[in-house]
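User: Could you take a close look at one helix for me, and then show me where that leaves us with the rest of the chain? I'd like the reasoning spelled out.

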Amino acid sequence: MEKDGNTMRLLIKGVDTPFINALRRNVLAEVPCMAIDEVVIIENSSVLHDEIIAHRLGLIPLKTDLDSYNLPEECSCKSEFGCNLCRVTLTLDKEAKDGTITVYSGELISENPNIVPVSDAIPIVKLAKGQKLRLEAYARLGRGKDHAKWQPVSTCTYKYLPRINIDAESCDACGKCVEICPRKVLAKKGDKIEVRDLLACSLCQDCADVCPKEPPAIKIGWEENAFIFGLESTGALPPERIMIEAVKILKKQLKEFASQIEVQKA
Amino acid sequence: MIIPVRCFTCGKLIGDKWEEFARRVKTGEDAGEVLDSLGIKRYCCRRMLLSHVEIIDEVLRFYEEAEKRKEARSYYYQQ
Ligand SMILES: [Zn+2]
Ligand SMILES: [Zn+2]
């Protein structure tokens, strides 16, 4: 429906709530993305503890290349430490030589120029003169169900597609519903009330409550099988790719489920 | 201590927006308008920047001061 940088909104029709919720949960918990998982601190004389720096590094979203990297548990190397197909090494070597400096995410040196922080301007730590920070960080693919740093999105939501019915016969266009609507969904046009922005409606029913007619001339409902699906990527993956991966994973899960049912029958 | 990398509640990246936010608010711009222009819509993310205090700057002052003294001392002993 619309896409703006890292956010995307879709209008999905012809599906039911369990399906769209499965999709949402797959986006949050199953679509893999890259994040720093292990950090070897060689030297750290900054004011932040090793663990805090490791945690901050882990939360930095990394641009992910899903096609050339494997999940460590599915990788052919079978090693705990990982290989070139399931691990990326990033290094950082900084010393404040004259005066206080801020160390940014852009100063992490990646062995793969495609796997870099989404933004170069995330402060990692501040170093006073003479303080040093040297470390080696290992990034790998992971899933949101294991740690929120592997979630490819910050928000993933869906809501019913609203349906607004205005009874033209009993409505006298008093304009009270236009006034009270917090999302400015309605507009007064001549002696009629019109729906200006249907998708913005939050189904709050304020307009129906404020209507002086009995029964209210305005009726707020929702379509049974249509949803507005919203998604905001952290920048690790493009939003449409996240959606495609979620559908792929759902298909795989359903196939596996079907095969299990067949085994039970036999 | 230092600006968190992500919003505690939703996980949006906010760390990279702090310096611009702090600078612009300091020059007298309205904080709400700066947040709007940075594309921070939800109130969970907005409070992350709005309520943040960079205490690390205060902590670092001790180290800067210690370094200055060390320099002064070595200068004194060289004489
Ligand atoms: Zn491997
Ligand atoms: Zn937030």
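Analyst: Here is a walk along the helix, followed by its chain and the contact with the neighbour. Bear in mind that this is a predicted model.

The helix is α1 of chain A, residues 17-29. With 13 residues at 1.5 Å each, α1(A) should span 18 Å, and since its end C-alpha atoms sit 18 Å apart, the two agree. Now for the sides. L23(A), N26(A) and V27(A) are the buried residues of α1(A). They take up an arc of only 100° around the axis, so they fall on the same side of the helix. The background is simple: an α-helix has 3.6 residues a turn, so residues three or four places apart point the same way. Flip to the other side of α1(A) and you meet T17(A), P18(A) and N21(A), which are exposed.

Zooming out, chain A holds five helices and twelve strands. Its radius of gyration is 26 Å, whereas a compact globule of 266 residues would come in near 18 Å. The C-alpha trace of chain A spans about 75 × 70 × 25 Å along its principal axes, and 31% of the 266 residues are buried.

Then there's the neighbour: 24 residues of chain A are in contact with 18 residues of chain B. On the chain A side, the elements giving two or more residues are α2 (50-59), β7 (123-127) and β9 (153-166). The largest share, three residues, comes from β7(A). By class, that side of chain A has twelve nonpolar, nine polar and three charged residues.

Note on methods: Residues are numbered from 1 along each chain as its sequence is written. Chains are lettered from A and ligands numbered from 1 in the order in which they are written. This is a predicted model: local features need pLDDT of at least 70, side-chain atom pairs count only at pLDDT 80 or more; totals for chains, interfaces and linings use all residues. Helices (H or I, at least four residues) and strands (E, at least two) are DSSP runs, numbered from the N terminus. The expected span of a helix is 1.5 Å times one less than its number of residues. A residue is buried if 20 or more other C-beta atoms lie within 10 Å of its own, exposed if 12 or fewer, and partly exposed in between; C-beta atoms are placed from the backbone. The arc is that of the directions from the helix axis to the C-beta atoms. The radius of gyration is taken over C-alpha atoms; the globule rule is 2.2 Å times the number of residues to the power 0.38. Two residues are in contact if their C-beta atoms, placed from the backbone, lie within 7 Å. Ala, Val, Leu, Ile, Met, Phe, Trp, Tyr, Cys and Pro count as nonpolar, Asp, Glu, Lys and Arg as charged, and the others, Gly among them, as polar.
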